[in-house]
Amino acid sequence: MLVAHSSDSVRPLTPAALAAVVSELKDTAGATSISLAGMNTVGTTAVLSLVPDDGPNDDGTKDLVTSVRDKSREIRETHGVTIGVTGFTALAIDVSERLGDVLPLYVATVLGLSLIVLLLVFRSVVVPVMATLGFLLSIAATFGITTAVFQWGWLQALFGLDASAPVVSLLPIIVTGVLYGLAMDYQVFLVTSMREARMHGADPLEATVSGFARASAVVVAAATIMVSVFAGFIFNAQPMIKQAGFALAAGILIDAFVIRMTFIPATMALAREKAWWLPVWLDRLLPDLDVEGDKLAQRIPLAHPAASQQHATA
């Protein structure tokens, strides 16, 4: 749908100017036909229906929208007519461009804040960096698998698809936010148990093993529940819901079982003491949140074993 509006809001569109505009737009590559769909009562605005050669999701239609917008400046200068483009394809292009512009800032803000929070909680440089790198791997794998299934047509019959379709432009924003929140939950569950064991005297490797043994069951249960919930939306008839369900189910499956349950413990086991390294100057600047409650435990007086035994006997 095109809107032709007189550059002079008072003077109506002349038949000659409107015919010239229609002729130029019809000659645009990818346009099949163009017709007058309506006009306002004062004659200053006309609605035109432009039919493309291709479908709304095809690259040819997107190129046609871009060509019409590029040609609108020339039409305005030559005929005094301002051209506006709307419709499904034009809207999708605009939304995709806006989201594409803000997505890097969005991801950078989320990752930057997470690095700061994890640095304060775990008092380690390696742990926040590993958590962030693992999340980036999860996001890359999730978007790659989603694109392969829905745009490239891989395993479509398995998921009840009969045609390929572009990934919804809003999906990266939604998936990044939800997957990040769940990934950091799993990260905190696992590494908090490891740090607690480390703070209570275990060597780095033993702390990694014992912390993983205590917290892994929670992560497995939580991830299994979330994957099952989101997988239930894969067979929904709505394309956006289908894509969102698939992307979130695949992302949580990858992040929980490949990144958090395999990559993170293996890396910390290999790093040993270096996994808990923090520069001395940074250690002095950071507030000690004492997540594990070690300082509180040191302040609580413990009963003497002999006194406790006598009290129990009495």
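Begin with the salt bridges, of which this predicted model holds 3. Select Asp-94 and Arg-69, where the closest N and O atoms of the bridge are 2.9 Å apart. This pair links distant parts of the chain, since Asp-94 belongs to helix α3 and Arg-69 to helix α2, with their positions 25 residues apart in sequence. Asp-94 is partly exposed, at a relative accessible area of 30%, and Arg-69 is partly exposed as well, its relative accessible area being 30%.

Go next to Glu-273 and Arg-198, a salt bridge in which the closest N and O atoms lie 2.6 Å apart. Here too the pair links distant parts of the chain, 75 residues apart: Glu-273 sits in the loop between α7 (239-271) and α8 (280-285), whereas Arg-198 is in helix α5 (residues 171-199). Glu-273 is partly exposed, with 41% relative accessible area, and Arg-198 also counts as partly exposed, at 23% relative accessibility.

Now select Arg-260 together with Asp-255, whose salt bridge brings the closest N and O atoms to 3.0 Å. Are these two residues buried or exposed? Both Arg-260 and Asp-255 are buried.

Return to Arg-69 and display the whole of the helix that carries it, α2. Helix α2, residues 59-79, has 21 residues and spans 29 Å from its first C-alpha to its last, which is close to the 30 Å expected at 1.5 Å a residue. Pause at Ser-72, where α2 bends by about 30°; Ser-72 is also one of the buried residues of this helix, along with Thr-61, Leu-64, Val-65, Val-68 and Ile-75. An α-helix has 3.6 residues a turn, so residues three or four places apart point the same way. To see what covers the buried residues of α2, show the surrounding elements, which include β1 (2-6), α1 (15-26), β2, β3, β4 (81-85) and α3 (88-122). Just after the helix, Gly-80 takes a positive phi of about 70°.

For the last stop, select Thr-44, which is placed in the loop between β2 (31-39) and β3 (45-52). Thr-44 is buried, with a relative accessible area of 5%, and its side chain makes a polar contact of 2.9 Å with the side chain of Asn-40. Which residues does Thr-44 contact once its neighbours within four places in sequence are left aside? They are Ala-4, His-5, Ser-6, Ser-9, Val-10, Arg-11, Pro-12 and Leu-13.

Key:
Residues numbered from 1 in each chain as written. Predicted model: local features only at pLDDT ≥ 70, side-chain atom pairs only at ≥ 80, totals over all residues. Heavy atoms only, no water. Helix = DSSP H or I, 4+ residues; strand = E, 2+ residues; numbered from the N terminus. Buried < 20%, exposed > 50% of the residue type's maximum accessible area, 1.4 Å probe, protein only. Polar contact = N/O pair within 3.5 Å; in protein donor to acceptor, adjacent residues only side chain to side chain. Contact = heavy atoms within 4.5 Å. Expected span 1.5 Å × (residues − 1). Bend = angle between axes of the 7 residues up to and from the residue. Salt bridge = Lys/Arg side-chain N within 4 Å of Asp/Glu carboxyl O.
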